[in-house]
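I opened my notebook to look around a structure that was new to me. Here is what I looked up, entry by entry.

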Amino acid sequence: MKILVCISSVPDTTAKINFTGDGKSFDKNGVQFVINPHDEFSLNKAVELQEKAGATVTILTVGDASVDAVMRKALAIGANDGIRIDADARDDFFVATQIAKAAKEGGYDIVLTGKESIDYNGGAVPGLVAGLLDYGFVNGCIGLEVEGSTAKAVREIDGGKENVEVALPAVIAGQKGLVDEAALRIPNMRGIMQARSKQITVVAPEATSTSVEVVGYEKPASRGNVTLVDKDNVAELVRLLHEEAKAI
Amino acid sequence: MAIFVYAESHDGKYKKAGLEAVAYAKAIADVAGDTVTAIAFNVTDSSEELYKYGATKVLKVENSTLKNFDANAYAKAVAELAAGEVVVVPSTNDGASFAPLLALKLGASLVTNVEKAPTTFAPFTVARKAFSGKGIETVAVTGKAVITLLQNSFGAKENAVAGSEESVSVSISDADAKVKVTGVEVAQTGAIDLKEAEIVVSAGRGLKGPENWGMIEELAQLLGAATASSKPVADIGWRPHAEHVGQTGKAIAPNLYIAIGISGAIQHLAGVNGSKTIVVINNDAEAPFFKAADYGIVGDAFEVVPKLIEEVKKLKGVA
């Protein structure tokens, strides 16, 4: 079984988000980059399948050489090798096109992604990859086992969860719950040393066109000052919520 | 500019997210000088429900393949009917899953997590959530667009029109569904879906243990609210993962968010900063959450919450 895990390199979850002076792009200055948390669950599931079922795990990232550090971390967690598409991940369709091409050429049985990246929050790439490849697609996956040429998955639905089966090859987008939070692997020294010698193949991108232009970024408006209510006057809070905020 | 909308339903009844998407489509149509056509699958609710929010036409599809969700089958069915420049899809689990495939089938651009009405139509210029709510991205689309609308961001605003319905068929069969549903587990009857809830009562480690959640559930029940939790609480196992709100959990935008015993880490704020009104109850006056709140009480949850329950009971006239 061959698994392709798509990794996005994103600002650390504690990072303060700033935009460049012209408001046209994200300001990377002083920002630490990490494996997208949703992708991390998928990567860990893939490594689990590697250990249990002898799968090979290849990671794929679209980005310039600056994403190599994040890719090495993913390799240290246990992936076998990596593919870096040498380009700026400029939009969802572009990224999905690169993944679909690599997935087809490599003959992967499962394309695992996170359900969305925590930077641009598009959540579109997994579905676009499935559509481009005409594969079955399970989004918001919180459980996954593979039996022969079938994936048995659990996906989150509004107000519950659903058990599903999909024939391989398929695209599966994971999220929190796919593996236990406590079981998420942290690269150890042995893994880090091994990762140094694992191969990252750098590939030129496939050209795509886009009809979506980024006009600019801004920060959400500040809420202003909090109105503090004395803990012995809870009735006043209820009055404010009822009469002023009209929230209850 | 013809505007289409997928009016999502569950068990034959329109979901709030579906009605909100119709209201959003109507707001676009009013400015563009056109009307809204809604697409509905296996719905038993009356189409009057959708006319109330602005759909002039309702295309009703009865199809057994569409009784279970599959992204490919749903995208194919909507693509057969949505002959317009803009298609609005709610950003629910299902909507967000099939919208990318729909965009591919229609040859349209996809804009996800839209929060507000567009500012211009040519090109279609609209703001969307980015950086987990820590930023807003504005994009301009040339040509057809499929957009997903964040739940609770626009509001299910009524804007009644005279409408008509039409029963239509789509060429979808079980062979189009690539994913087979083998079982469903839904939350208990009457539970309010977290992403659709108008009010959310949320608690964190300040509650000291899962045995203390009774007062949180009581307050939520009184307010008709959903319950939620911070990440550490879900990670420890005090509450289910499905309740975790934040950057790596669910992003929500209720009308009122009450955070009890949650300090307000940047990752938590990222998931709730779309809330219209935020109330924070915490015994640490320095908790960062107070800086992001509209109202706050510095005090012990075990003292404040019972009092809050009593005051809400008085307001609601509950004995």
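**Entry 1: a helix and its surface**

I began with A:Ile192, which is found in helix H5 of chain A, residues 189-197. I kept in mind that this is a predicted model. Is A:Ile192 buried or exposed? I found A:Ile192 to be partly exposed, with a relative accessible area of 34%. A:Ile192 joins A:Met189 and A:Met193 in a nonpolar patch on the surface, and together they have about 290 Å² of accessible area.

**Entry 2: aromatic rings**

Next I looked up ring pairs, and the count comes to 17 aromatic pairs over all chains. I picked the pair of A:Phe19 and A:Tyr217, which is stacked, with 5.0 Å centre to centre and 10° between the planes. Where do the two partners lie? A:Phe19 is in the loop between strand E2 (9-11) and strand E3 (33-35) of chain A, while A:Tyr217 is in strand E12 (residues 212-218) of chain A, so the pair ties together parts that are 198 residues apart in sequence. I noted that both A:Phe19 and A:Tyr217 are buried.

A:Phe19 has another partner, B:Phe131: the ring centres are 5.6 Å apart and the planes stand at 70°, so I wrote this pair down as edge-to-face. B:Phe131 lies in the loop between strand E9 (124-130) and strand E10 (135-141) of chain B, and A:Phe19 belongs to chain A, so the pair joins two chains. Both A:Phe19 and B:Phe131 are buried. I then saw that ring pairs link A:Phe19, A:Phe26, A:Tyr120, A:Tyr217 and B:Phe131 into a cluster.

**Entry 3: lysines over rings**

I also checked for charges over ring faces. A:Lys2 lies over the face of A:Tyr108, at 4.8 Å from the ring centre. In chain B, I found B:Lys157 over the face of B:Phe154, at 4.0 Å from the ring centre.

**Entry 4: salt bridges**

Side chains of opposite charge can pair when their charged atoms come close. How many salt bridges are there over all chains? The count comes to 40.

I looked at A:Arg185 and A:Glu51, whose closest N and O atoms are 2.8 Å apart in their salt bridge. A:Arg185 lies in the loop between strand E10 (170-174) and H5 of chain A, and A:Glu51 in helix H1 (residues 37-53) of chain A, so this pair ties together parts that are 134 residues apart in sequence. A:Arg185 is partly exposed at 26% relative accessibility, whereas A:Glu51 is exposed at 54%.

A:Asp86 and A:Arg84 form a salt bridge too, with the closest N and O atoms 2.9 Å apart. I found A:Asp86 partly exposed at 39% and A:Arg84 buried at 6%.

In chain B, I chose B:Glu311 and B:Lys314, with closest N and O atoms 3.2 Å apart. Both lie in helix H8 (residues 301-316) of chain B, three residues apart, about one turn of the helix. B:Glu311 counts as buried at 18%, but B:Lys314 is exposed at 60%.

I closed this entry with a network of salt bridges that links A:Lys45, A:Glu48, A:Lys52 and A:Glu145.

**Entry 5: chain B as a whole**

Finally I stepped back to chain B, which has eight helices and 18 strands. Its C-alpha trace spans about 60 × 40 × 40 Å along the principal axes of chain B. A compact globule with 319 residues would have a radius of gyration near 20 Å, and the 21 Å of chain B agrees with that. I also noted that buried residues make up 61% of the 319 residues in chain B.

Note on methods
Residues are numbered from 1 along each chain as its sequence is written. Chains are lettered from A and ligands numbered from 1 in the order in which they are written. This is a predicted model: local features need pLDDT of at least 70, side-chain atom pairs count only at pLDDT 80 or more; totals for chains, interfaces and linings use all residues. Side-chain values use heavy atoms; hydrogens and water are left out. Rings of Phe, Tyr and Trp (its six-membered ring) pair if their centres lie within 6.5 Å; planes under 30 degrees apart count as stacked, over 60 as edge-to-face and the rest as tilted. Helices (H or I, at least four residues) and strands (E, at least two) are DSSP runs, numbered from the N terminus. Buried means under 20% relative accessible area, exposed over 50%, partly exposed in between (1.4 Å probe, protein chains only). A charge sits over a ring if NZ of Lys or CZ of Arg is within 6 Å of the ring centre and within 35 degrees of the ring normal. Patches are made of residues with over 30% relative accessible area and no salt bridge: like charges are joined within 9 Å, nonpolar side chains (Val, Leu, Ile, Met, Phe, Trp, Tyr) within 5 Å. Accessible areas come from the Shrake-Rupley method with a 1.4 Å probe; for residues, only the protein chains shown count as cover. A salt bridge is a side-chain nitrogen of Lys or Arg within 4 Å of a carboxyl oxygen of Asp or Glu. The radius of gyration is taken over C-alpha atoms; the globule rule is 2.2 Å times the number of residues to the power 0.38.
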